[in-house]
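Here is a quick walk through one protein chain, helix by helix and residue by residue. Keep the viewer open as you read.

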Amino acid sequence: RRADRRNSLRYHLTMAGSSKTPPAPWVITTVVPIMAVVWSVLGTIAYFTNPDPTRIHAVKDLTPVVLSTVAFICTYGILSFRQGMGNEFLKDHCKKCDINPEQMSHVRKNLDRAFLNTHEQFGNIMVSMWIYGVFVNPLRAGILGMSYVVLVMIYPLVYGTKLHPLSTIPRYWIFYYMLLSTVICQLRHEYNI
């Protein structure tokens, strides 16, 4: 009986610190249809914007992807440094200051989420950008990669506001688009669709 409890969604969410557990049907009735629509729309866009089958591009063509990668890693490093130094500053210097604890909590959460969100999405953007750049369109991969970097830089400015989704949602669209484009172009290459 204890094993059943540990395998339940409620147990895992409670252990993760959440006191409100969404019922499992919510995932099926809400998340699955939303993702189906998003993937269908992005897949359709990918189909019509990438008419050629996959091919391996020359190394010299990958300059935009390399530049986007460097820009992203630099941004990642800045957000990491910002998180570490910001938290140290709050810990050491703000004890003496008259800062509202609620404001301090918001600043600390902003420092942490800006870095952690970038960290969580690191693999998604790097893999999707590189496979799209190598096999489909290196210039577009570089442009989308730089757009992604700009959206990452906006994230700390809009975190905790109503504008927050304007930084996060387009980033998902960017890497979903590149992944779907690569799959569609590979299917064109293999099956002439």
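## Two neighbours running opposite ways

Start with helices α5 and α6, which are roughly antiparallel to each other. This is a predicted model, and in it the two pack at an angle of about 175 degrees, with their axes 10 Å apart. Any angle over 145 degrees counts as roughly antiparallel, so this pair earns the label.

If you want to see who does the touching, colour N110, R113, A114, N117, T118, Q121, I125, M129, Y132 and G133 on the α5 side. Their partners on α6 are P138, R140, A141, G145, Y148, V152, Y155 and P156. Sorted by class, that contact has ten nonpolar, six polar and two charged residues.

## The other partner of α5

Now turn to α5 (residues 101-135) and α7 (residues 165-191), whose axes come within 8 Å and cross at roughly 30 degrees. Angles under 35 degrees count as roughly parallel, so that is what α5 and α7 are. Their crossing is left-handed.

On α5, the contact uses N117, Q121, N124, I125, S128, M129, I131 and Y132. On α7, look for R171, Y172, I174, F175, Y177, M178, L179, S181 and T182. The class count for this contact comes out at ten nonpolar, six polar and one charged.

## The chain as a whole

Zooming out, the chain has seven helices and zero strands, so the pattern along the sequence is simply α-α-α-α-α-α-α. Buried residues make up 33% of the 193 residues.

Contacts reach a long way along the sequence, too. Counting those with a separation of 6 or more, 80% join residues 24 or more positions apart.

## Three residues worth clicking on

First up is S181, which sits in helix α7. Is S181 buried or exposed? Its relative accessible area is 0%, and buried means under 20%, so S181 is buried. Leaving aside residues up to four places away in sequence, S181 touches A46, N50, Y132 and V136.

Next, find F135 in helix α5. F135 is partly exposed, at a relative accessible area of 29%. Its C-alpha atom is 7.0 Å from that of T182, although the two are 47 residues apart along the chain. With residues up to four places away in sequence left out, F135 touches T54, R55, I56 and H57.

Last comes Q83, which belongs to helix α4 (residues 63-92). Q83 counts as buried, with 15% relative accessibility. Which residues does Q83 touch, not counting those up to four places away in sequence? They are L111, D112, F115 and L116. The C-alpha atoms of Q83 and N110 are separated by 8.7 Å, with their positions 27 residues apart along the chain.

## Cysteines

How many disulfides does a search of the whole structure find? The search turns up zero. As for exposure, C74 is partly exposed, with a relative accessible area of 45%, whereas C185 counts as buried at 1%. For C74, 45% falls between the 20% and 50% cut-offs, which is why "partly exposed" applies.

Conventions. Residues are numbered from 1 along each chain as its sequence is written. This is a predicted model: local features need pLDDT of at least 70, side-chain atom pairs count only at pLDDT 80 or more; totals for chains, interfaces and linings use all residues. Side-chain values use heavy atoms; hydrogens and water are left out. A disulfide is a pair of cysteine sulfur atoms within 2.5 Å. Buried means under 20% relative accessible area, exposed over 50%, partly exposed in between (1.4 Å probe, protein chains only). Axes are lines fitted to C-alpha atoms, for helices over the stretch in contact, and angles run from 0 to 180 degrees between N-to-C directions. Helices (H or I, at least four residues) and strands (E, at least two) are DSSP runs, numbered from the N terminus. Angles under 35 degrees count as roughly parallel, over 145 as roughly antiparallel, 65 to 115 as roughly perpendicular and the rest as oblique. A crossing is left-handed if the near helix is turned anticlockwise from the far one by less than a right angle, and right-handed if clockwise. Contact means heavy atoms within 4.5 Å. Ala, Val, Leu, Ile, Met, Phe, Trp, Tyr, Cys and Pro count as nonpolar, Asp, Glu, Lys and Arg as charged, and the others, Gly among them, as polar.
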